[in-house]
Amino acid sequence: MFVKFIRENVYASFMLTILRIFIGWQWLNAGWSKITSGKFDASGFITDAIGKVTGEHPSVQSWWADFLGMFALPNVGIFNILVPWGEFLVGLGLLLGTFTTFALLMGVLMNFSYMFSGATSTNPQMVLIEIFILVAGFNAGRIGLDHWIIPFLRKQILRKKEQEITMHSA
């Protein structure tokens, strides 16, 4: 009953918009500060995370530390671009209500990556809000550009499928 409410109710879309803008601002601000500082370098964060794999109750699991050590650290230049721009674009998408579900999925992916690396901060709070908004689906972007973009894309996809069916049946 609650899921139906947040997925379909117009009034719920207002609450979802407030949450979406809150999370969007967090991402946009984090990304923009990294982009404009010109000093962002993920190598310290990655190295620190790899170091948290020891002890009786490590905050970083060995499989994640292996990924960081064998892939992320050698390719830190890519991550130095992906992290700030990913954060910024997720924030922009959420603030504008554009491709809201995709932006949220990418935000959840980044939050979990940070938590897997031993960083807590606001990540658990953000994940809970992001999952709540994800459950709401399209209703989370109803008050935003998704209101126009998603129906347009659905119409285009339907039109293309109809054309393919017509071509195959002829």
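This passage walks through the main pocket, a nonpolar surface patch and the salt bridges of the structure shown above. The model is a predicted one, and every value below was computed from it.

A good place to begin is the largest pocket, which has a volume of about 640 Å³. Its lining is made up of 30 residues, and those closest to the pocket centre are Val83, Glu87, Met110, Ser113 and Tyr114. Several helices take part in this lining: H2 (10-37), H3 (43-51), H4 (62-72), H5 (76-96), H6 (100-116) and H7 (123-136) each supply at least two residues. Helix H6 gives the most, with 6 residues. Sorted by class, the lining of the largest pocket holds 19 nonpolar, 8 polar and 3 charged residues.

Glu87, one of the residues closest to the centre of the pocket, also helps to introduce the salt bridges. In general, side chains of opposite charge can pair when their charged atoms come close. The structure holds 3 salt bridges, and each is described in turn here.

In one of them, the side chain of Glu87 meets that of Lys34, with an N to O distance of 2.9 Å. This pair links distant parts of the chain, since Glu87 lies in helix H5 and Lys34 in helix H2, 53 residues apart. The two partners can also be described by their accessibility. Glu87 counts as buried because its relative accessibility is 3%, under the 20% cut-off. Lys34, with a relative accessible area of 23%, is partly exposed.

Another salt bridge joins the side chains of Glu8 and Lys4, again at 2.9 Å from N to O. Here both partners belong to helix H1 (residues 2-8); they are 4 residues apart, so about one helical turn separates them. Glu8 has a relative accessibility of 48% and therefore counts as partly exposed. Lys4 reaches 53%, which means that Lys4 counts as exposed, the cut-off for that class being over 50%.

The remaining salt bridge is formed by the side chains of Asp48 and Lys52, with 3.5 Å between N and O. Asp48 is partly exposed, as its relative accessibility is 43%. Lys52 is likewise partly exposed, at a relative accessible area of 26%.

Attention can now turn to the surface. A nonpolar patch of about 720 Å² is made by Ile81, Trp85, Leu89, Leu92, Leu96, Leu145 and Trp148. Helix H5 contributes the largest share of this patch, 5 residues. Helix H5 thus appears in three settings: among the helices that line the largest pocket, as the helix that holds Glu87 of a salt bridge, and in the nonpolar patch. Among the patch residues, Trp85 is found in helix H5. With a relative accessibility of 41%, Trp85 counts as partly exposed, because this value falls between the 20% and 50% cut-offs.

A last residue to look for is Leu128, which has its place in helix H7, one of the helices that supply residues to the pocket lining. Although leucine is classed as nonpolar, Leu128 counts as exposed, at 64% relative accessibility. Leu128 and Val108 are 20 residues apart along the chain, and their C-alpha atoms are separated by 9.1 Å.

Methods
Residues numbered from 1 in each chain as written. Predicted model: local features only at pLDDT ≥ 70, side-chain atom pairs only at ≥ 80, totals over all residues. Heavy atoms only, no water. 1 Å grid on protein atoms, 1.4 Å probe; cavity = no way out; pocket = protein on both sides within 12 Å on 5 of 7 lines; lining within 4 Å. Points joined across faces, edges and corners; volume = space filled by probe spheres on them. Patch = residues over 30% accessible without salt bridge, like charges linked within 9 Å, V, L, I, M, F, W, Y side chains within 5 Å. Areas by Shrake-Rupley, 256 points an atom, 1.4 Å probe, with all protein chains shown as cover. Salt bridge = Lys/Arg side-chain N within 4 Å of Asp/Glu carboxyl O. Buried < 20%, exposed > 50% of the residue type's maximum accessible area, 1.4 Å probe, protein only.
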